[in-house]
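I opened this notebook to record what I looked up, entry by entry. The sequence and coordinates come before the notes.

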Amino acid sequence: MRKFSDNVKQILSSNEVSLGYLVEIMGQQGALRDTTLTAPVTFNGKAYDTNGGLLSVEPPRLSGVVDREPYKIVYIDAEFQKLGIFESGIIGASVTVHAVFLNTIAPGFAGVSLGAPMLADALVAYKGVVDSHGYTIDPDNGSVLSVIECASPMAALGLSRPFFTSKEAMSRVDATDSSFDEIEVGAQEVAIAWGKI
């Protein structure tokens, strides 16, 4: 069971609750650290940027049945910069999302000013790995959105997804993996007849 600090309990029982997210993705090209807060913050000695385009964090909806709904992280990506980073090897990268409540009670509550993030009371909202990525066009304003889907706790149940076993496909997962380098050496085309002969 998740334990909340007294400060978080007070915030949750108040009339107004406001929060932001800190997202850390440890990819092959290094760490991406972005926040939905209005100003950059330093948390646990790591700087989280507001200019990275982080738009939203969408946890799976709660339901009464076992499902595999993913944990989504959405970036505004007009120049396809994030998509380029994601395509260079983001599958399997570790992801940590912290939820940070803002002080909506009174100036000085939890040792921060009114409206400031309560970093000392941050909660781990998600910890897992990137399962897939892609992009979409926002139908409301036409902006490009890069989307990361992270593995849900139930992701392994009944999952059927093609895994391409080629040298190029493996280099996207891990650039140093050479396990499929020799597979194509002895390969040749095979003609298969289908139907009635």
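I count two strands as paired if DSSP finds at least two bridges between them. The model is predicted, and I read each entry below with that in mind.

Entry 1, the hairpin. I looked up β8 and strand β9 (residues 144-150) and found them paired in the antiparallel sense over seven bridges. Thr-136 has Leu-145 in β9 as its bridge partner. Six residues lie between the strands of this hairpin of β8 and β9, and I noted that Gly-142 there takes a positive phi near 75°.

Entry 2, the other partner of β8. I then turned to strand β7 (residues 94-101), which pairs with strand β8 (residues 123-137) over six bridges, again in the antiparallel sense. For Ala-99, I recorded Leu-123 in β8 as the bridge partner.

Entry 3, a residue of β7. I chose Thr-96, which is found in strand β7. Is Thr-96 buried or exposed? Its relative accessibility is 12%, so I enter Thr-96 as buried, the cut-off being under 20%. Setting aside neighbours within four places in sequence, I listed the contacts of Thr-96 as Leu-22, Val-23, Glu-24, Tyr-126 and Lys-127.

Entry 4, the surface. I looked up a nonpolar patch formed by Phe-4, Leu-12, Val-17 and Leu-19, which together have about 310 Å² of accessible area. One of these, Val-17, sits in the loop between α1 (6-13) and β1 (19-27). With a relative accessible area of 41%, Val-17 is entered as partly exposed.

How values were computed: Residues numbered from 1 in each chain as written. Predicted model: local features only at pLDDT ≥ 70, side-chain atom pairs only at ≥ 80, totals over all residues. Heavy atoms only, no water. Patch = residues over 30% accessible without salt bridge, like charges linked within 9 Å, V, L, I, M, F, W, Y side chains within 5 Å. Areas by Shrake-Rupley, 256 points an atom, 1.4 Å probe, with all protein chains shown as cover. Salt bridge = Lys/Arg side-chain N within 4 Å of Asp/Glu carboxyl O. Helix = DSSP H or I, 4+ residues; strand = E, 2+ residues; numbered from the N terminus. Buried < 20%, exposed > 50% of the residue type's maximum accessible area, 1.4 Å probe, protein only. Contact = heavy atoms within 4.5 Å.
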